[in-house]
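Please find below my notes on this model, set out as numbered points. They begin with the cysteines and end with the chain as a whole.

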Amino acid sequence: MGYGKGLGPLRTLQGEVGFTLVELLLALFLFALIAGVVFAAFAAVASGVEKGRQSIEIYRVGRVALLRMAQEVGAAMPPPAGSEPRLAESEPRFQGKKNADGGTGHDRIDFLTIPYRHYSDKVPGYELCHVAYYVAENTQGKTALFREEDCSGEADERRERAERATRLELTDLAVGLEITYYDAEKDYEEWPPNRDDQSLLPCRVRLALTLRDALQYARAFITTVALPMRGTCEDAPTRRTKTKSNVRPASGR
């Protein structure tokens, strides 16, 4: 009798220990909810870090490419004195073409300069070369910024010269290159304005390079370069201002 009475409360307590199915499902739901919030926060941080890295990379590539173009375009030179007439007849020494390959924003610029850096040891550092910048599709089918350099000095058509030229892909992030040319009066989308000014350089050139990273984030890099080899090049508003400042009012006497 005594032993039976003592085991009664113990059996009752053992029967109440444990979780019901509803409590277990509720605990799993709360755990999944908290884990989802934590993972979403980590994903947002990782995405922000990746976007920041892509932004830094596209800024670095765009800055370097635009600086390279600006340096060489700013050092563009007119045809040397005594150059072969057939060279001038084939095409202008400084030429800007709008949508050269048919793509919108795929401009091309060709000019003579002494490159800051050669990619061939056979070319002397002082050699005058024909340099071109343009955006076109690469072998992978992606648009890219290319630089061509021909230091042979031979006066052939562009198609034949392209076979001799050293072609370098600067970046496959480029999706557009738009170039504007300025003289003392107005701006032009192509250069030269007419075929009679084949040896004439523009006063300034505006370069607008657009890059797009893997996350489809696009950014434009823009700069305007003056061409010192053009010589004196004052714009019309500047000349009008100087003319007005030199006119003295009548004294009335």
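1. This is a predicted model, and the structure holds one disulfide. The bond is formed by C129 and C151, with a distance of 1.9 Å between their sulfur atoms. That lies within the 2.5 Å cut-off for a pair of cysteine sulfur atoms.

2. The disulfide links distant parts of the chain, its two cysteines being 22 residues apart. C129 belongs to strand β3 (residues 129–137), while C151 sits in the loop between β4 (143–150) and α4 (158–164). The torsion about the S-S bond of C129 and C151 is about 100°, so the disulfide is right-handed. Buried or exposed, where do C129 and C151 fall? Both C129 and C151 are buried.

3. Next, the sheet. Four strands make up an open sheet in the order β7-β6-β8-β9, and their pairing is antiparallel. The edges are taken by β7 (187–188) and β9 (218–226); each has a single partner strand, so one side of each has no neighbour in the sheet.

4. At the β7 edge, strand β6 (residues 174–182) and β7 run antiparallel and are joined by two bridges. Two is also the minimum number of bridges for strands to count as paired. Y182 has D187, in β7, as its bridge partner.

5. Helix α2 (residues 21–74) lies across β6, β8 (204–212) and β9. Relative to β9, helix α2 runs at about 20°.

6. One residue of strand β9 deserves a separate look: F221. Why does F221 count as buried? Its relative accessible area is 8%, and the cut-off for buried is under 20%.

7. Which residues does F221 touch, leaving aside those up to four places away in sequence? The list is I58, Y59, G62, R63, L66, L207, A208, L209 and L211. Helix α2 spans residues 21–74 and β8 spans 204–212, so by these ranges I58 and L209, for example, fall in α2 and β8 respectively. The C-alpha atoms of F221 and L177 are separated by 9.6 Å, with these positions 44 residues apart along the chain.

8. Finally, the chain as a whole. Its secondary structure comes to five helices and nine strands, which follow one another from the N terminus as α-α-α-β-β-β-β-α-β-β-β-β-β-α. Of the chain's 253 residues, 32% count as buried. Taking contacts between residues at least 6 apart in sequence, 59% join residues at least 24 apart. The chain exposes about 16400 Å², of which carbon and sulfur atoms supply 57%.

Notes. Residues are numbered from 1 along each chain as its sequence is written. This is a predicted model: local features need pLDDT of at least 70, side-chain atom pairs count only at pLDDT 80 or more; totals for chains, interfaces and linings use all residues. Side-chain values use heavy atoms; hydrogens and water are left out. Buried means under 20% relative accessible area, exposed over 50%, partly exposed in between (1.4 Å probe, protein chains only). Contact means heavy atoms within 4.5 Å. Axes are lines fitted to C-alpha atoms, for helices over the stretch in contact, and angles run from 0 to 180 degrees between N-to-C directions. Accessible areas come from the Shrake-Rupley method with a 1.4 Å probe; for residues, only the protein chains shown count as cover.
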